[in-house]
Amino acid sequence: MQLWLCPLLAFLLGSIPFGLFIARMKGIDIRQHGSGNIGATNVLRVVGKKHGITCLILDALKGFIPTLLAITLIRFEGQNTAFTFHGLLDQGYVFPLADQWKAQTLHVVAGLCSILGHNYSPWVGFKGGKGIATSAGVLIALAPLVVPVLIVAWLLIFLISRYVSVASIGAAALLPFVVIYGSWRHGKLASGEWNKPLFIFSVVIAVLAIWKHRTNIKRLMEGTESRFERKKKAVS
Ligand code: G3P
């Protein structure tokens, strides 16, 4: 087992275009419909709710699984763990690193690679999705406490605006602030023990998510962005 296999595996898993496959099973080329995006929102919009939710879960899992694998296998010496990894360690499957920041960097690199795999999937001509579900999966593994805050923010923005893209951009922009607030709240900012690679990662994926939503931003400015309207109650 080689250290570089983790990010490579993450990229390959991330690059699986689940949205494309799910829609294709219904005879639809998702790239030709709705926003043209291969992500869960467009699958939900074009194919249906059940398929959209399936896509959301699969896209999140392809971020979560390789990141969790990296966190499990790449450890710094002295890292507290509920498990013992002696068997795996002896076989060379676990990488104990002397520096905490090196382990943290490799964890975020694995997460980033799965998001890049999704956003720039070679199987769809490097034009993948926007990485929101995959980023959520990565964050569940890297910083689970951050995720509920972002979900609440996402829901609030969506309920007010009815635009998924606005909610996604808002949650992405909020991410670095939530990460830094968490470090400050736990006193790690003052002691200098905060997870700097995680903060840099949060800034990078926030910028990446906003960049990937540039066509949505253009449509929002032109007033042509697709909106999820509230279902009107039937009048009897
Ligand atoms: O996560 C993607 C979402 O924010 C926007 O999707 O299909 O409306 O471009 P879409």
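How far from an oxygen atom of the ligand does a polar side-chain atom of Ser168 lie? In this predicted model, the gap comes to 2.8 Å. The legends below start at the ligand and work outwards.

**View 1. Ser168, Ser35 and Arg45 at the ligand oxygens.** Here's the close-up on polar side chains. Besides Ser168, with its 2.8 Å pair, Ser35 puts a polar side-chain atom 2.6 Å from a ligand oxygen. Arg45 does likewise at 2.7 Å. As for what's left uncovered, the ligand on its own has 310 Å² of accessible area, and the protein covers 94% of that.

**View 2. The shell around the ligand.** Pull back a bit and you can count 13 residues surrounding the ligand. Ser35, Arg45, Lys130, Ser168 and His213 are the closest of them. What kinds of residue make up this shell? It splits into eight polar, three charged and two nonpolar ones. As for where they come from, at least two shell residues each are supplied by helix 3 (40-46), helix 9 (164-185) and helix 12 (214-222).

**View 3. His118 and its surroundings.** This one moves over to helix 6, which spans residues 100-119 and holds His118. Is His118 buried or exposed? Its relative accessibility is just 4%, so His118 counts as buried, the cut-off being under 20%. Skip the neighbours within four places in sequence, and His118 still touches a good list of residues: Gly14 and Ser15, then Asp59 and Lys62, then the run Gly128, Gly129, Lys130 and Gly131, and finally Thr134. Lys130 may ring a bell from View 2, where it is listed among the closest residues to the ligand.

**View 4. The whole protein, for orientation.** Zoom all the way out and you'll find twelve helices and two strands. Reading from the N terminus, the elements go α-α-α-α-β-α-β-α-α-α-α-α-α-α. The C-alpha atoms fill a box of roughly 65 × 40 × 35 Å along the principal axes. The radius of gyration is 19 Å, which agrees with the value near 18 Å that a compact globule of 236 residues would have.

**View 5. Inside and outside.** Of the 236 residues, 42% count as buried. Take the contacts between residues at least 6 apart in sequence, and 62% of them join residues at least 24 apart. On the outside, the protein exposes about 13200 Å², with carbon and sulfur atoms supplying 68% of that area.

How values were computed:
Residues are numbered from 1 along each chain as its sequence is written. This is a predicted model: local features need pLDDT of at least 70, side-chain atom pairs count only at pLDDT 80 or more; totals for chains, interfaces and linings use all residues. Side-chain values use heavy atoms; hydrogens and water are left out. Helices (H or I, at least four residues) and strands (E, at least two) are DSSP runs, numbered from the N terminus. Buried means under 20% relative accessible area, exposed over 50%, partly exposed in between (1.4 Å probe, protein chains only). Contact means heavy atoms within 4.5 Å. A residue is near a molecule or strand if one of its heavy atoms lies within 4 Å of it. A polar contact is a pair of N or O atoms within 3.5 Å; within protein, one must be able to donate a hydrogen and the other to accept it, and residues adjacent in sequence count only if both atoms are side-chain atoms. Accessible areas come from the Shrake-Rupley method with a 1.4 Å probe; for residues, only the protein chains shown count as cover. Ala, Val, Leu, Ile, Met, Phe, Trp, Tyr, Cys and Pro count as nonpolar, Asp, Glu, Lys and Arg as charged, and the others, Gly among them, as polar. The radius of gyration is taken over C-alpha atoms; the globule rule is 2.2 Å times the number of residues to the power 0.38.
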